[in-house]
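This briefing introduces one protein model to a reader who has not met it before. Please view the sequence and structure first.

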Amino acid sequence: MVHYKTESDIQIIKESAQVLGKAHAEVAKAIKPGVKTKKLDSIAEEFIRDNNGVPSFLNYNGSFPASLCISVNDTVVHGFPGEYELKEKDIVSIDCGVLYKGFHSDSAYTYPLEGVSQDALRLLERTYESLYLGIAQAKVGNRIGDIGHAVQTYVEQFGYGVVRELVGHGVGRSLHEDPEVPNYGKRGKGPKIMAGMVFAIEPMINMGTKKVVQEKDGWTIRTQDRKPSAHFEHMVAIFPDRTEILTTHEYIEESYSFKWRNKSR
Ligand code: MG
Ligand code: MG
């Protein structure tokens, strides 16, 4: 069941997303070779709590152990922060959620570290681009399948794999609500996109095979062929006449020292 949001709900979600965007930026400042991923997690948790939020992911389903999902290289999503030290040439996806005044926000960004390969950099650029192509389809009059179709057709031309097992989702008083928003699909198929919907679009794109495996910890998802994977996520709100991106990567891009992208958005 889709929980449609009022304008005032959406206003609160935007506030939640501001805390989230700034938490991401604090993490971005610390991303460099030698930092332990558990340090990034504690930075995020402290910032969120200092700003009257609660980390959405911590204890999710009674078992997720951290405030961030940190997914390095061939890890697609849901990696645990821990003792791993980032190193040159890594790519690292940071996914974070904030509960604020009763509403969740959710966004993700994948960072290249210095020395990253050209192939990995292109994977990031194209995954980033696919997110915005998906967002452009998220409007009244379209269907959910139009979003996934746009993402899938763009990235598959490069031989990349679109992860099937994990999808975008409605967000609101719960972190994961209907509708599901796959990153693959057929034009004109799936639920109608309606005013009042708020959902996350989050392409998870693999350099090689689309196939993924789950590690024994019950959470961590990695690529079957051990090639890298990228993940970017925004939340959008659907209005009768427009679509608004509620989350922001702006603070991240101001804060991260390695400027890897031409900023057209
Ligand atoms: Mg999400
Ligand atoms: Mg997320």
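The points below cover the metal site and the nonpolar cores.

This is a predicted model, in which local features need pLDDT of at least 70, side-chain atom pairs count only at pLDDT 80 or more, and totals for chains, interfaces and linings use all residues. Residues are numbered from 1 along each chain as its sequence is written, chains are lettered from A and ligands numbered from 1 in the order in which they are written, and side-chain values use heavy atoms, with hydrogens and water left out.

**Metal site**
- The magnesium ion (ligand 1) has as protein donors Asp106 (OD), His169 (NE2), Glu202 (OE) and Glu233 (OE), which lie 2.1 to 2.2 Å from it.
- Donors are N, O and S atoms within 2.8 Å of the metal (3.2 Å for Na, K and Ca); water is not among the atoms, so sites may look incomplete.
- Along the chain, the donors of this ion follow the spacing D-x62-H-x32-E-x30-E.
- Asp106 also bridges the magnesium ion (ligand 1) and the magnesium ion (ligand 2), which lie 3.1 Å apart.
- Asp106 is buried, with a relative accessible area of 2%, and Glu233 is buried at 0%.
- Buried means under 20% relative accessible area, exposed over 50%, and partly exposed in between (1.4 Å probe, protein chains only).

**Nonpolar cores**
- The largest nonpolar core has 56 residues, of which Ile31, Leu40 and Phe199 touch the most other members.
- A nonpolar core is a set of buried Ala, Val, Leu, Ile, Met, Phe, Trp, Tyr and Cys residues joined through side-chain atoms within 4.5 Å.
- A second, separate core of 10 residues includes Val171, Ala200, Ala237 and Phe239.
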